[in-house]
Amino acid sequence: MTTERINPAELSPPTGFSHAVTTTGSRVVYLAGQTALDTEGKIVGSTLPDQFERALTNLLTALRAAGGTPTDLARVTVYTTDVADYRTHAPELGRIWRKLAGSEYPAMAVLGVVRLWDTQALVELDGVAVLP
């Protein structure tokens, strides 16, 4: 698989995302939304960074089970119940991303939502990956 991250000089410099991603590969993996659920089905973590780390870990676990790695991610959507809190914690969330997924970012969007399926959930991530 090849992945090219495209960040045109005509757009603002991306921070924590890529403006566009092109991929070639033979297998597309659609990753369901992941929250901070533990193996017992309970939300863990009381802060956005804690829940983000668990949700990203869960997303990457599903990706690895499908045979992929973080560099195979072409698109991730983040749903949060508090965009202002997400922006406040953005530097810390970036550090968590780099620790778990590396320094390459997929195309991303952050969407504010009224609530998530589990009322205690503060953040949910879904994605699309292209595998070789």
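In which sense do strand 3 and strand 6 pair, and over how many bridges? In this predicted model, strand 3 and strand 6 (residues 123–131) run antiparallel, and 6 bridges join the pair. One position shows the register: V29 sits opposite A129 of strand 6.

Now widen the view to the sheet. Strands of a sheet pair through backbone hydrogen bonds, in parallel or antiparallel fashion. Here the sheet is open and has 4 strands. Their order is 3-6-4-5, with mixed pairing. Strand 3 (27–34) and strand 5 (107–112) each have a single partner strand, so one side of each lacks a neighbour in the sheet. These two are the edges. On average, neighbouring strands are turned by 10° against each other, ignoring direction.

Next comes the helix. Helix 1, residues 48–65, lies across three strands: strand 3, strand 4 (73–80) and strand 6. Its direction makes an angle of about 30° with strand 6.

Finally, look at a single residue, T80. T80 belongs to strand 4. Is T80 buried or exposed? Its relative accessibility is 1%. Buried means under 20%, so T80 counts as buried. What surrounds T80 beyond its neighbours within four places in sequence? T80 is in contact with L48, Y86, V110, L111, G112, V113, L122 and V123. Several of these contacts can be placed on the elements already met. L48 falls within the residues of helix 1, V110 within those of strand 5, and V123 within those of strand 6. T80 also has a polar partner close by in sequence: its side chain reaches the backbone nitrogen of D82 at 3.2 Å.

Notes. Residues numbered from 1 in each chain as written. Predicted model: local features only at pLDDT ≥ 70, side-chain atom pairs only at ≥ 80, totals over all residues. Heavy atoms only, no water. Pairing = 2+ DSSP bridges. Axes fitted to C-alpha atoms, helices over the stretch in contact; angles between N-to-C directions. Contact = heavy atoms within 4.5 Å. Buried < 20%, exposed > 50% of the residue type's maximum accessible area, 1.4 Å probe, protein only. Polar contact = N/O pair within 3.5 Å; in protein donor to acceptor, adjacent residues only side chain to side chain.
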